[in-house]
Amino acid sequence: MRKTSIISLIVVALGASVAAAGQPVPGMYGNIRITAAGEPNDPNGLPAAPPAEPNQVWDPAAHFVATWESLTSMSKLYNPASKKLPDRSLSIAARVDVLDPNGVIGFDWSERKTLVLDEKGREVYSGKPLSSNYCHFYWTPRTLKKMVAGQWVSELQPYNVAVEIPMDPNRPYPLVLSKVEWSMFALVVGETKTVDVPFRPTTDWITLAPGLEIKVDSITAENGKFDYKLSTRYSRSKVDWWAGVAAIALWTKDPTPEVILTKLDVLDPQGKSILDQGGGFTSGSSGGGSGDVTIGTAHGSGNCNICGTATMFRFTLVLQPAQQELRFVLENVPVPLL
């Protein structure tokens, strides 16, 4: 029987006052607690899990911090003859900064559930977008290279988030939003494993992890240039062959894969990544099949004048990843007067 992944509901309390400075303030975190656990496709959820040992809890406050940057109120009136009700809404532009990308495979920054209360604690809006019923798109933390003191450094980029709040046309705008609570998901590492395979053709299938096999069909490695073609065979229900292309798309109705291939690299004779040395690496994969087995191919090529001859494949795998629901809370957000 395959192990199932747990979605942990995590609450991160954030003070609205951090917006004044325009920068994330880690000291504004509230308590973090796991309040419920259940399968992604279980609408009823499961009873609350017993408290985990401290070293077993993935702490989102060590990885993410959110701030709100602006709030926009929008109103649209119609000619009374049309008998249409006014359109009214609020929109909060927020951002989620990545403090520490370690252990984070990807982040789905689309708003999933929202609860908004006015200055008297009355519910202004509670809802869940229809799009959240079907699929998660997990994007890896993004970096931007900048020149600092004559050296290139990578700077983590924030995720931009829009929290949309439809308003009842028969109610006035609140003066203050005493609570704005919304939820998003992170895909986090269970265990990371690397497997090195010599950069030469093979006749037999090589098992990288249970349910995931590859075979090296052909390679070329000369004068700093290389290319390769692999055959792949894996269980569709257990394995996601991602390898860093676009977002990781996971259907909400399906269990989380037990294995995700997060990177396929080629190493030089010193064991250094040719990709990281600017080797002009390109790759792709394709596959299909019947039942649970996907049979396909993966290919790539590169050119690195300073790297030498390619000698090794390196496959980076995440075993038993988990999807975790993060709930962010802003308090006392002022509403602009019209």
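Where does Asp59 sit in the chain? Some notes on that and the rest of the fold, bearing in mind that this is a predicted model.

1. **Asp59 and its loop.** Asp59 has its place in the loop between strand E2 (34–38) and E3. With a relative accessibility of 35%, Asp59 counts as partly exposed, because the buried class ends at 20% and the exposed class starts over 50%. A polar atom of the Asp59 side chain lies 3.0 Å from the backbone nitrogen of Ala61.

2. **The three-stranded sheet.** Next comes an open sheet of three strands, ordered E3-E4-E11 and paired antiparallel. Strand E3 (64–76) and strand E11 (159–166) are the edge strands, each pairing on one side only. From one strand to the next, the twist averages 20°. If you want to check the E4/E11 register, strand E4 (residues 87–98) is joined to E11 by eight bridges, with the two running antiparallel. Arg95 is a handy marker there: Asn160 in E11 stands opposite it.

3. **The four-stranded sheet.** Another open sheet has four strands in the order E13-E22-E19-E17, and here the pairing is mixed. Strand E13 (191–198) and strand E17 (239–241) each have a single partner strand, so one side of each lacks a neighbour in the sheet. The twist in this sheet averages 25° from one strand to the next. Strand E19 (residues 259–267) and strand E22 (residues 312–319) run antiparallel and share eight bridges. For the register, Val266 has Phe313 in E22 as its bridge partner.

4. **E6 and its two partners.** E6 is joined to strand E7 (residues 123–127) by four bridges, and the two run antiparallel. Thr114 stands opposite Gly127 in E7. E6 and E7 make a hairpin with five residues between them, and in the turn Gly121 has a positive phi of about 80°. E6 also pairs with E12: four bridges join them, again antiparallel. Leu117 has Lys179 in E12 as its bridge partner, and Lys179 turns up again in the charged network below.

5. **Salt bridges between distant parts of the chain.** Side chains of opposite charge can pair when their charged atoms come close. The count here comes to 12 salt bridges. One of them pairs Lys113 with Glu325, with 3.7 Å between the closest N and O atoms. These two are 212 residues apart: Lys113 is in the loop between strand E5 (104–108) and strand E6 (114–117), while Glu325 is in strand E23 (residues 322–334). How exposed or buried is each end? Lys113 is partly exposed because its relative accessibility is 36%, whereas Glu325 counts as buried because its value is 6%.

6. **The buried pair.** Arg327 and Glu181 meet through their side chains in a salt bridge, 2.8 Å from N to O. This pair also links distant parts of the chain, with Arg327 in strand E23 and Glu181 in strand E12 (residues 176–188), 146 residues apart. Both Arg327 and Glu181 are buried.

7. **Lys263–Asp265, and the network.** Lys263 makes a salt bridge with Asp265, where the closest N and O atoms are 3.6 Å apart. Lys263 has a relative accessible area of 27%, so it falls in the partly exposed class; Asp265, at 5%, counts as buried. As for the network, salt bridges with shared partners connect Lys113, Lys179, Glu181, Glu325 and Arg327 into one.

8. **The nonpolar cores.** Which residues have the most contacts inside the largest nonpolar core? They are Phe64, Ile92, Phe107, Leu177, Val180 and Trp182, in a core of 32 residues. E3, E4, E5, E11, E12 and E23 are the elements giving two or more residues to this core. E12 gives the largest share, six residues. Apart from this core lies another, of 28 residues, including Leu212, Tyr228, Ala243 and Ala298.

9. **Around Phe107.** For a closer look at the packing, start with Phe107. Leaving aside residues up to four places away in sequence, Phe107 touches a set that includes Phe64, Val96, Tyr159, Met184 and Leu326. Aromatic names such as Phe137, Tyr138, Trp139, Phe185 and Phe328 are also among the residues Phe107 touches, as is Ala186.

Methods: Residues are numbered from 1 along each chain as its sequence is written. This is a predicted model: local features need pLDDT of at least 70, side-chain atom pairs count only at pLDDT 80 or more; totals for chains, interfaces and linings use all residues. Side-chain values use heavy atoms; hydrogens and water are left out. Two strands pair if DSSP finds at least two bridges between them. Axes are lines fitted to C-alpha atoms, for helices over the stretch in contact, and angles run from 0 to 180 degrees between N-to-C directions. A salt bridge is a side-chain nitrogen of Lys or Arg within 4 Å of a carboxyl oxygen of Asp or Glu. Buried means under 20% relative accessible area, exposed over 50%, partly exposed in between (1.4 Å probe, protein chains only). A polar contact is a pair of N or O atoms within 3.5 Å; within protein, one must be able to donate a hydrogen and the other to accept it, and residues adjacent in sequence count only if both atoms are side-chain atoms. A nonpolar core is a set of buried Ala, Val, Leu, Ile, Met, Phe, Trp, Tyr and Cys residues joined through side-chain atoms within 4.5 Å. Contact means heavy atoms within 4.5 Å.
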